[in-house]
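Colleague: Please show me the model, and then I will ask about its helices and rings.

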Amino acid sequence: NHDNDYYIKCFNEQVLNNLDPTRVYQELCGLAKSDDIALICYEKSTDFCHRHLVAKWLNEKGFGVEEWT
């Protein structure tokens with residue numbers, strides 16, 4: 001129904017709250033074989049996307065994430 005607030009609440013509760021941010025970061029580094037990681041989505045940077053939620057979550061957990069447009 002395009003209720004972004006509801007989606008964010010559910011995504012946080014059902015996905016992000018069940019993850020260990022350090023482990024997520026380490027696994028991404030392992031997949032990338034580098035500590036330079038890019039989260040990519042086909043949505044425009046101004047569009048609502050779960051990538052923004054993950055980046056915000058990682059920032060809140062102490063991992064520096066910046067968005068390039």
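Colleague: On the other side of α2, which residues are exposed?

Modeller: This is a predicted model, so local features need pLDDT of at least 70, side-chain atom pairs count only at pLDDT 80 or more, and totals for chains, interfaces and linings use all residues. Residues are numbered from 1 along each chain as its sequence is written, and side-chain values use heavy atoms, with hydrogens and water left out. Helices are DSSP runs (H or I, at least four residues), numbered from the N terminus; exposed means over 50% relative accessible area, buried under 20% and partly exposed in between, with a 1.4 Å probe and protein chains only. The exposed residues on the other side of α2 are R23, Q26 and L31.

Colleague: Which residues of α2 are buried, and what arc do they cover?

Modeller: In α2, the buried residues are P21, V24 and C29. They lie on the same side of α2, because the arc around the axis, taken from the directions from the helix axis to the C-beta atoms, is only 135°.

Colleague: Against what do the buried residues of α2 pack?

Modeller: Packing here rests on contact, meaning heavy atoms within 4.5 Å. By that criterion, the partner of the buried residues of α2 is α3.

Colleague: What span should α2 have?

Modeller: The expected span is 1.5 Å times one less than the number of residues. α2 has 12 residues, and its end C-alpha atoms are 16 Å apart, which agrees with the expected 16 Å.

Colleague: Which residue caps the N-terminal end of α2?

Modeller: A side-chain oxygen lies 3.0 Å from the backbone nitrogen of T22. The residue that supplies this oxygen is D20.

Colleague: How are the rings of Y7 and F11 arranged?

Modeller: Rings of Phe, Tyr and Trp (its six-membered ring) pair if their centres lie within 6.5 Å; planes under 30 degrees apart count as stacked, over 60 as edge-to-face and the rest as tilted. Both residues lie in helix α1, 4 residues apart, about one turn of the helix. Their centres are 5.8 Å apart with 15° between the planes, and the pair is stacked.

Colleague: Why is the pair of Y7 and F48 classed as it is, and how many residues apart in sequence are the parts that it ties together?

Modeller: The ring centres are 5.7 Å apart and the planes are at 85°, so the pair is edge-to-face. Y7 lies in helix α1 and F48 in the loop between α2 and α3, so the parts tied together are 41 residues apart in sequence.

Methods:
Helices (H or I, at least four residues) and strands (E, at least two) are DSSP runs, numbered from the N terminus. A polar contact is a pair of N or O atoms within 3.5 Å; within protein, one must be able to donate a hydrogen and the other to accept it, and residues adjacent in sequence count only if both atoms are side-chain atoms.
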